[in-house]
Amino acid sequence: MTRFIDIRPLWTTSARPAVALVGAGPRGVSLLERIAANLADFPEVDHLDIHVIDDTQPGAGRIWRTDQTRQMCMNTLAGAVTLFTDDSVTMAGPVVPGPTLFEWCRLALDAAYPSPSSTRRVADIDPTHRAAFASTAVRPGFVDDYRDELEAITVASHPSRPLYGEYLRWCFERALRTLPERVRVTTHLARAVAVREANGRQLVELSTGAVLTCDAVVAATGWMPRAHTDEEHRFLAALARHPGLTWVPPDNPIDQALGDVPDGATAIVRGLGMGFFDAMTLLTVGRGGRFVDDPRTRAGVRYEPSGREPTMYVTSHRGVPYRAKSLYGALPPPAAQRHLRSVDWSTVPRPIDFDRQLWPLIVKDAFVDYYETLHRVRPEAFAAPLARVLAAIDTTEGLPSALDAAIASHVPDATDRFDLPAAMSPVRGPFPDPETFTARVVDHMADDLAESAKGRDSAIKAGLWSISAARKPAHVIGAFGGFDAESRASGFRTLQAFGGMVGSGPPAFRSRQLLALVDAGLVRFVGPAALVVADDELGLFRAESPAVAGSAVTAPVLVDAWMHAHDVRASADPLTHSLAAAGRTRPFRVRGRDGRPHLTRGFDVDPGTGLLVHPDGTRDAAFHVAGIPLDDVLGDTVISPMPRTDPTMLRETDRVARSALRVVADAATSVRTPPPSGQQAVSWG
């Protein structure tokens with residue numbers, strides 16, 4: 001059995017090769033599993049120490065920790081989450097199958113409370129997944145703690161975040177059990193704050209004061225802290241001058257100081273994506289309010305306040321919430337993307353002009369999916385065969401206006417046609433007053449919820465889902481400088497933002513709850529792109545949208561309901577600073593159309609290994625970076641791995657794990673030096 005050691009000596013060094021995994025959320029767990037899976041390919045590694053470093057909860061990590069409120073739910077469906085590889089994953093390592101989150105929940109319930117119905121429900125689960133589940137017990141008491149949720153879960157459920165954390169912790173335990181006896185794992189409840197090289201090894205300093213001696217280091221840190229922006233420094237200065245102000249800075253909602261928002265306060269809220277819906281939940285249901293089903297309301301639900309809720313004046317770049325997820329009752333349908341996939345992009349010279357070469361094909365695919373769905377649902381809308389419409393799309397330039405003109409005679413009623421520009425800008429101004437704007441947003445939300453309820457029968461949702469689904473192949477094509485700098489600042493950036501808005505929105509029930517809060521007078525929409533300032537004369541925050549007359553609103557509270565993207569150039573992470581000070585990092589660069597390099601926000605790493613690239617272009621010998629800090633370089637790093645989709649994360653963790661093992665294998669044959677002067681090696685048994 002694997003020896004699992006949960007101790008933290010102040011100094012660890014030995015002749016045994018060692019790997020440090022910095023971060024033990026989903027990616028850290030996957031890295032541990034991939035090290036176990038690939039170990040047989042590295043016979044030189046006859047012994048190995050693995051140090052797992054996380055300051056919150058090894059296995060779940062900070063975002064998915066199991067002690068958070070179950071009011072927080074995943075944005076992903078239960079059947080669309082896995083941490084196990086399958087034969088779709090492009091990797092050198094072996095496939096090690098295992099249950100999806102949904103399957104794991106079903107299997108856990110059946111194991112604890114078997115019944116004829118539960119036996120039927122698990123009978124169609126892949127036998128290899130069932131065997132993986134049986135190899136490692138769930139924690140004692142888990143099923144009883146979550147029984148109501150486990151009984152209700154379906155493949156299309158949005159699980160609570162703590163439930164996903166439980167799955168991740170089980171995956172962590174299972175990975176530990178798959179390691180042979182010659183591997184020792186030590187967990188450290190701490191942060192890695194610095195790293196330096198000494199005698200050919202890596203000395204990783206922890207926030208506890210411990211120093212770990214390792215050969216390879218992998219930073220899988222997830223969301224990393226960012227230095228304050230100029231605007232945020234102005235807010236901090238205003239807080240010092242006006243102690244009555246409250247500012248909740250950007251962060252993971254469960255870690256934000258939302259408790260500092262006074263009961264019944266007026267608050268300006270920036271952001272209408274997932275961070276907003278989480279903050280909305282914590283500030284309403286989290287304060288004792290409740291949503292009650294009520295078919296008489298337009299939302300189908302009404303809100304019963306506790307009296308502690310703030311009144312929220314909300315703004316974002318577009319001014320409208322992310323679109324609700326469609327209610328398919330199953331996993332989302334795959335998007336065919338025939339035009340985008342008709343090109344062998346591996347043969348196209350880099351960098352690629354996204355605006356000219358990809359975006360027109362993405363638009364065509366969206367039109368195809370829209371009109372195929374419309375023809376299936378409402379064939380009477382067509383004055384010509386569907387084949388003629390598809391032929392018009394094939395032969396027309398991939399611009400929305402050109403495609404609409406080519407299709408107009410075949411689908412004569414303009415209200416039946418795909419108006420992509422309107423979908424991209426659903427609340428065009430100007431608006432005469434805030435009430436008119438809020439009414440427009442509410443109508444947009446109600447229409448979107450009606451389309452969500454149609455599931456696969458919504459033409460507009462089919463077209464928009466096609467655009468959202470194009471993000472993954474676009475990320476693959478554009479990874480590591482595949483797109484030129486101009487594309488990244490224009491069309492590719494639009495795809496990421498718009499694709500996220502239409503495909504990564506909240507569960508439909510959250511959008512209904514937001515409508516109910518509007519009806520209860522607790523949410524108002526300020527308008528798009530509102531300018532927010534700290535008004536010294538008033539001693540208040542002030543927001544005003546240029547698109548909505550009379551939209552100015554003041555409040556003593558500002559909540560930034562979003563998270564900063566990592567930026568290696570403005571990081572507040574001490575480990576990143578340590579690497580930069582040692583000359584071991586540089587930002588990744590992409591080429592512009594004039595041949596000049598442009599800096600990105602991500603670390604420059606070697607694509608095949610994840611090893612850092614130094615300012616002089618040489619490759620680091622030991623330090624790897626994986627995941628979200630590479631999103632500006634690799635893309636698709638925030639999305640949880642979905643089964644049978646060749647997930648970016650699992651491709652990455654396999655190649656990085658193999659690189660770490662190669663570094664360790666090389667070190668295993670080298671001569672070890674004693675610990676630094678004055679330090680004694682410590683033996684722990």
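Worked exercises on a predicted model follow.

The model is predicted, so local features need pLDDT of at least 70 and side-chain atom pairs count only at pLDDT 80 or more, while totals for chains, interfaces and linings use all residues. Residues are numbered from 1 along each chain as its sequence is written, and side-chain values use heavy atoms, with hydrogens and water left out.

**Exercise 1. Cysteines**

Task: Find how many disulfides the model has, and why C73 is not in one.

Solution:
- Start with the rule: a disulfide is a pair of cysteine sulfur atoms within 2.5 Å.
- Apply the rule, and the count is zero disulfides.
- Check C73: the closest cysteine sulfur is in C105, 14 Å away, which is too far for a bond.
- Now take accessibility, where buried means under 20% relative accessible area, exposed over 50%, and partly exposed in between (1.4 Å probe, protein chains only).
- C73 is buried at 5%.
- C214 is buried at 0%.

**Exercise 2. The antiparallel sheet**

Task: Work out which strands stand at the edges of the sheet β16-β17-β18.

Solution:
- Helices (H or I, at least four residues) and strands (E, at least two) are DSSP runs, numbered from the N terminus.
- Two strands pair if DSSP finds at least two bridges between them.
- Three strands make up this open sheet, in the order β16-β17-β18, with antiparallel pairing.
- β16 (531-535) and β18 (553-555) are the edges, because each has a single partner strand and one side without a neighbour in the sheet.
- The average turn between neighbouring strands is 25°, direction ignored.
- Angles run from 0 to 180 degrees between N-to-C directions, and axes are lines fitted to C-alpha atoms, for helices over the stretch in contact.
- Look at β17 (residues 540-544): three bridges join this strand to β18.
- One residue pair to locate is F541 with its bridge partner A555 in β18.

**Exercise 3. The parallel sheet and helix α8**

Task: Give the strand order of the five-strand sheet, then place helix α8.

Solution:
- The order is β10-β19-β11-β14-β15, in an open sheet with parallel pairing.
- β10 (246-248) and β15 (523-528) are the edge strands, each pairing on one side only.
- From one strand to the next, the twist averages 20°.
- Five bridges join β11 (residues 266-270) to β14 (residues 311-316).
- I268 stands opposite Y313 in β14.
- Contact means heavy atoms within 4.5 Å.
- α8 lies across β10, β11 and β19 (557-560), at about 150° to β10.
- Helix α8 (residues 230-241) also lies across β16 and β17, at about 30° to β16.

**Exercise 4. Aromatic rings**

Task: Classify the ring pair F276 and F277.

Solution:
- Rings of Phe, Tyr and Trp (its six-membered ring) pair if their centres lie within 6.5 Å; planes under 30 degrees apart are stacked, over 60 edge-to-face, and the rest tilted.
- The whole structure holds 23 aromatic pairs.
- For F276 and F277 the centres are 5.4 Å apart and the planes stand at 75°, so the pair is edge-to-face.
- F276 is buried at 1% relative accessibility.
- F277 is buried at 0%.
- Next, trace a cluster linked by ring pairs: W64, F84, W104, F133, F142, Y146, Y164, Y167 and W170.
- A charge sits over a ring if NZ of Lys or CZ of Arg is within 6 Å of the ring centre and within 35 degrees of the ring normal.
- R70 lies over the face of Y146, 3.7 Å from the ring centre.
- R147 lies over the face of Y113, at 3.7 Å from the ring centre.

**Exercise 5. Covered and exposed**

Task: Decide how many residues of helix α16 are buried, and whether P140 is buried or exposed.

Solution:
- Helix α16 (residues 459-469) has eight of its eleven residues buried, so take it as mostly covered.
- Among the buried ones are K461, L464 and I467.
- The cover includes α11 (359-377), α15 (434-453) and α19 (491-503).
- P140 sits in the loop between α4 (127-134) and α5 (142-145).
- P140 is exposed, at 77% relative accessible area.

**Exercise 6. Strand β5**

Task: Find how many bridges join β4 to β5.

Solution:
- Seven bridges join β4 (residues 48-54) to β5, and the two strands run parallel.
- H51 has T186 in β5 as its bridge partner.
- Strand β5 (residues 183-189) is mostly covered, with five of its seven residues buried.
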